Amino acid sequence: ARYLGLHATKNINVPPAELIKKFGRIYTSLYIRLAPFPTYYLVALITDEEIKWALVNVKDVVTGNYPMLAIDDFGWLEAPRIGGASERERRWSALAERSVGPLGAEDAQAAPPRHHLSIEPEILRELYAFCCARVSHTKIEQQLKTRKIPYSSVFTNAAEGEAAEHEAVNASSLTPFCATAQSVPKICIRIGDLVRSEAVTNVAYENVKIKVVDWWSERPCRVITSVRLRDIQPVSDLSLGSGSGRGQILDASRNITYDPVTSIVSFISYDVNTCVEEFLGEWERVQRAAGIVREVGHTRRKRRWSDIQILSFNLQRVELVYHSIYAVAIQWIHPSLSAMATNGLYEMDFKVIGAPDNADGNPHQDIAGFLCRQLQSDATRSMSTAVEGLILVLRDSLPILLALQKVKRDRPGRVNLFVKSASRYRLLYGLKHAVDFRILPHSQVIVSDAATLIAARPAAERATAIFERIPSFDDMCGAILRQVGPPPLGSSMPPVLQ
C-alpha cells in the first residue's frame, strides 16, 4: 500500500466489540483510507490462510469522555479482476445484495469472499480505485434519494463512447482498469423526474446520464451529467463559429461543454457531495434558454417572419433579432444568484444592431422590467405561448415606441414618457395634457386623451385631476388616420407616422 502511495494504518480507533459485531472476530487488519473520502477505508482482514476485503465507512462518536470511531456502514469486496456483463453487475451489487445499508452493511454470519493470502500491487490499486467509484456512486444515489428522484444503474462497455467523452471534458488518461471499468455503471434518470414543469421538458431527450470519472487516477473524482438536446439549431451554427468541434467549452467558469455533432451537453462537477444540486441549478438555466431558442424557431415558421433570427446562443444566454435591426439578449437568473426573486427571474438587454454610439438606443429597454415579469409569468404555464407572446408584443409595440422616442428627441424637456406596463404608455406634454397609448394584438393601437378617463370618474376625483382635455383631439386623430392609411397588404408591422 505504501509502495502505491496509499495512506495505510494497522488500526483505527474503533472499539473491539464493534469490530467483533461487524466482522465476527478480531483480525489482523490493514486500513487504507480513501483519499477523496476521509471517512471511508478499504480494509484488509488477514488470517493465516486468506485475506478478506471490506469497504468501511466510519463516523465520530463519544464513548464516555473519549472520542471514538464507530462503523457506520460496510460491505464485503471481491478482489480478483472480473469480466463479463453478469459478473460485473454481480461485483458492483455485491456490496448491497445481502444488506440494508448504502455500502452493504450486513450480518457477521454472511460469509465474505475468500482470497489468496498474497495480492499483487496492481490488484490492490484497482480495488482501491473501485472503492472510490463505489463511494462516489453511493453519494450521488443518496442525493437523488433525498430529492425523491427515481434512478437506475446502466452498465456499458468500457470503451463505449469513452474516448469522445474524455476529449469533451478534458479528463485524465483513459482508465487502465478495463475490467473494473465495466463494473462501474452510469446512473440513468428520466428528464421528466428532474423537471416538474411541462413547459420546458420537451427541450431534451428522455434519458439523463450521470457518470463518475477520474476514480482511477490521483485526481479527485469528477461527475459528468450528460443531456441530449432535441430540435435545437446546432450551437456551432449560432455562436461558436467555424472552429467549433467536439467538446467545445461554452462556459469555462461553470464547466459546461457541448458536442455539436451529438447535441449532448455535459455538466462537470468537481464535488461529488453537491453534484446533483449543481446540475439542477445549471440545467434549469440551460433548459430555459434552449426552450426559448426552440420556440423562436417555431414562431418564425408559424408566422413566416423571415426577419426573426438567432444571433447567438451559448446554452445560457440567447440573443435574437425580433425585427429588422432590433435585437434582445435573454437569460434566466437562478434564485441562488438573485436576491430579489425567490423563484428566479429573466433578464433582457435590448440593442440596435450596427447603430453608432450617438444614435438612439432600442426603445424597448425602457420597458424591459415589464417584459421580463410577463415572460416569467407566462413561461410557468407554457414556454411556447410565452415566447410567441413576447415576440408579438415586441413587434406590435416597436412602431409606437419608435415614434414616441422621436417625439421626445425632437422636443427635449417638453415631452416625457411614462411607462405603465409592457403595452401601455402615457405621453406627458407640458403639465396639463397627456395622451395614453395601449397596444392590442394584431398590430392595433388605442390612442386616447388621458383626461377622458378622468372625466368618467366621480366629481371628487375630477376636482383634483391634473390633466385637461386636449382641444380637438378627435379631429386630430381622424386626420392622422387618413394620412397614415391602412397597413400594407401582408405587412406584419403597423404603420408609423414620422
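Which residue in S2 is the bridge partner of Thr9? In the predicted model examined here, that partner is Tyr31. The pairing belongs to the contact between strand S1, which spans residues 7-9, and strand S2, which spans residues 28-34; these two strands run antiparallel and are joined by three bridges. Strand S2 also pairs with strand S3 (residues 37-46), again in the antiparallel sense, over seven bridges. Within that second pairing, Thr28 has Ile46 of S3 as its bridge partner. Two residues separate S2 from S3, and the two strands form a hairpin. In a regular strand, side chains alternate between the two faces of the sheet.

The cysteines were considered next. A disulfide is a covalent bond between two cysteine sulfur atoms. The structure contains zero disulfides. For Cys131, the closest cysteine sulfur is that of Cys132, at 7.1 Å, which is too far for a bond; the cut-off applied to a pair of sulfur atoms is 2.5 Å. Cys131 is buried, with a relative accessibility of 0%. Cys477, by contrast, has a relative accessibility of 24% and therefore counts as partly exposed.

Electrostatic pairs were then examined. Side chains of opposite charge can pair when their charged atoms come close. The count of salt bridges in the model comes to 17. One of them joins the side chains of Asp214 and Arg219, with an N to O distance of 3.7 Å. The two partners differ in their exposure: Asp214 is buried at 0% relative accessibility, whereas Arg219 is partly exposed at 34%.

A further salt bridge connects Glu388 with Arg303, at 2.9 Å from N to O. Glu388 belongs to helix H9 (residues 383-410) and Arg303 to helix H7 (residues 275-303), so this pair ties together parts of the chain that lie 85 residues apart in sequence. Glu388 is buried, having a relative accessible area of 12%, while Arg303 is partly exposed, with a relative accessibility of 31%. Helix H7 also contains Thr299, which counts as buried because its relative accessibility is 4%. Apart from neighbours within four places in sequence, Thr299 is in contact with Arg304, Glu388 and Ile391. Glu388 thus appears both as the salt-bridge partner of Arg303 and among the contacts of Thr299.

In another salt bridge, the side chains of Arg409 and Asp410 meet at an N to O distance of 4.0 Å. Arg409 is partly exposed, with a relative accessibility of 42%, and Asp410 is likewise partly exposed at 42%. Through salt bridges with shared partners, Arg409 and Asp410 are joined to Asp360 and Lys406 in one network.

Attention then turned to the aromatic side chains. A pair of aromatic rings is described by the distance of the centres and the angle of the planes. The model has eight aromatic pairs. Among them is that of Phe267 and Phe279, whose ring centres are 5.1 Å apart and whose planes stand at 80°, so the arrangement is edge-to-face. Phe267 is located in strand S13 (residues 264-269) and Phe279 in helix H7, so the pair ties together parts twelve residues apart in sequence. Both partners are buried: Phe267 has a relative accessibility of 4%, and Phe279 one of 6%.

The rings of Tyr322 and Phe350 form another edge-to-face pair, with centres separated by 6.2 Å and planes at 85°. Here strand S15 (residues 317-323) provides Tyr322 and strand S17 (residues 345-352) provides Phe350, so the pair ties together parts 28 residues apart in sequence. Tyr322 is buried, with a relative accessible area of 0%, and Phe350 is also buried, with a value of 6%. Elsewhere, ring pairs link Trp283 with Phe267 and Phe279 in a cluster.

Aromatic rings also accommodate charged side chains in this model, as shown by two arginine residues. Arg288 lies over the face of Trp332, at 4.2 Å from the ring centre. The charged end of Arg395 is placed over the ring of Trp305, 4.1 Å from its centre.

Methods:
Residues numbered from 1 in each chain as written. Predicted model: local features only at pLDDT ≥ 70, side-chain atom pairs only at ≥ 80, totals over all residues. Heavy atoms only, no water. Pairing = 2+ DSSP bridges. Helix = DSSP H or I, 4+ residues; strand = E, 2+ residues; numbered from the N terminus. Buried < 20%, exposed > 50% of the residue type's maximum accessible area, 1.4 Å probe, protein only. Contact = heavy atoms within 4.5 Å. Phe/Tyr/Trp six-rings, centres within 6.5 Å; stacked < 30°, edge-to-face > 60°. Lys NZ or Arg CZ within 6 Å of the ring centre and 35° of its normal.
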